Amino acid sequence: MKIVIVGPGAMGCLFAAFLSKSDEEIILLDKNKERAGLIQEQGILVEGVSGSWHGQVKTSSNPADLVAADLVIICVKSYDTKEAIEFAKPLIGENTYVLTLQNGLGNIEIISEIIGDDNVIGGVTNQGATLLAPGKIRHAGIGEIVIGKSDGKIPVQLKEIRELFNKVGLQTRISRDIKGLIWSKLIINVGINALTAITRLNNGRLIEFEGTRRILREAVTEAVRIAKRKRIKLIYDDPLAKVESVCEATATNISSMLQDILKKRRTEIDFINGVIVRQGQGLNIPTPVNSMLVD
């Protein structure tokens, strides 16, 4: 299997490093030629919960130099999804599957608009990683990956991806309801990400203070109201308890949105809390807390 990972950020490097343990052809696609050259030379350096180790991967900054891939994994920020797919288009043939493991809602739709929806796979991951330097990451948390197609079908290629991921140590399963899973993760991010970015608090501290805990709960409640109206089945019975338990389980984590703020980078707010605000407007459901967080 020829696999191209688009985006050399924390998650892109994490998946490239793990997949480099396989016998498959793994290529990390980076639009920055100098950075691609550096990662090609040094490999990917990993530290953290999976130990200190090194993954050697091939890199490229020009997709036109490569032939069609069997699998393209999109690991860029949600606001760069369209540009990333257009960039990687020379690699996407008739039989190429495209997997998104990104935050937020709307990535599957953006990819499908460009290449059609037949070969698009959605996914959520609870793996955590922090980019320390180009090609150097801290593996901050181990978690399950769940993949699936929007139509609920399970083609043989989906099973092959699951087997490969499990083989290299990325615990993966398939779901027939990937939409419900993406919404379930979205609701957790709605409660945590923007609030950590604004307050500069680690995840666990959000529930230590009455004020931040109340904002978290109200933001989540608004999102759950919309999910219920849309008849989306969440994977947990008590969303508020779930979000608070995630805060506890990832107490020392610096959320991805807070990392972006600290590095003065654009955030994915439009694809997380912004989605809740837009959906609320369309359904006539008030979302004052999410609106304030977005603003």
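These legends go with a set of close-up views of one protein chain, and the model they show is predicted.

**Figure 1. The whole chain at a glance.**
Before zooming in, here's the overall picture: the protein chain is built from 11 helices and 12 strands. Its C-alpha trace stretches over about 50 × 40 × 30 Å along the principal axes. For 295 residues, a compact globule would have a radius of gyration near 19 Å, and the chain has 19 Å, which agrees. Of those 295 residues, 54% count as buried. If you take contacts between residues at least 6 apart in sequence, 68% of them join residues at least 24 apart. The accessible surface comes to about 13700 Å², and carbon and sulfur atoms account for 48% of that.

**Figure 2. Charges across the chain.**
Let's count charges next: there are 37 positive and 34 negative side chains. The centres of these two sets sit 3 Å apart. How many salt bridges does the count come to? The total is 13, and the next three views pick out some of them.

**Figure 3. E83 and K31, a salt bridge between a helix and a loop.**
Here E83 pairs up with K31, and their closest N and O atoms are 3.2 Å apart. E83 belongs to helix α3 (residues 81-88), while K31 sits in the loop between β2 (25-29) and α2 (33-42), so the pair ties together parts that are 52 residues apart in sequence. Are these two buried or exposed? E83 is partly exposed, with a relative accessible area of 46%, and K31 counts as exposed at 56%.

**Figure 4. D260 and K77, a link between distant parts of the chain.**
In this view D260 forms a salt bridge with K77, with 3.0 Å between the closest N and O atoms. D260 is in helix α9 and K77 is in the loop between β6 (71-74) and α3, so to speak a handshake across 183 residues. D260 is buried, with a relative accessible area of just 1%. K77, on the other hand, counts as partly exposed at 21%. There's a third partner too: K77, D260 and R265 are linked in a network of salt bridges.

**Figure 5. D151 and K149, another charged pair.**
D151 makes a salt bridge with K149, and the closest N and O atoms are 3.3 Å apart. D151 counts as partly exposed, at 45% relative accessibility. K149 counts as buried, at 5%.

**Figure 6. E268, a buried charge without a salt bridge.**
Where does E268 lie? You'll find E268 in the loop between α9 (256-262) and α10 (273-283). E268 is buried yet has no salt bridge. The nearest side chain of opposite charge is K77, 4.0 Å away. Setting aside neighbours within four places in sequence, E268 is in contact with K77, S78, Y79, N103 and M257.

**Figure 7. Helix α10 and what its buried residues pack against.**
Which residues of α10 are buried? They are N273, G274, V275, I276, V277 and G280. These buried residues pack against three other helices: α6 (178-199), α7 (210-229) and α11 (288-294). As a rule, an α-helix has 3.6 residues a turn, so residues three or four places apart point the same way. Right after α10 comes N284, whose phi is positive, near 60°.

How values were computed. Residues numbered from 1 in each chain as written. Predicted model: local features only at pLDDT ≥ 70, side-chain atom pairs only at ≥ 80, totals over all residues. Heavy atoms only, no water. Helix = DSSP H or I, 4+ residues; strand = E, 2+ residues; numbered from the N terminus. Buried < 20%, exposed > 50% of the residue type's maximum accessible area, 1.4 Å probe, protein only. Lys, Arg positive; Asp, Glu negative; His and termini not counted. Contact = heavy atoms within 4.5 Å. Rg over C-alpha atoms; globule rule 2.2 N^0.38 Å. Areas by Shrake-Rupley, 256 points an atom, 1.4 Å probe, with all protein chains shown as cover. Charge placed at Lys NZ, Arg CZ, Asp CG, Glu CD.
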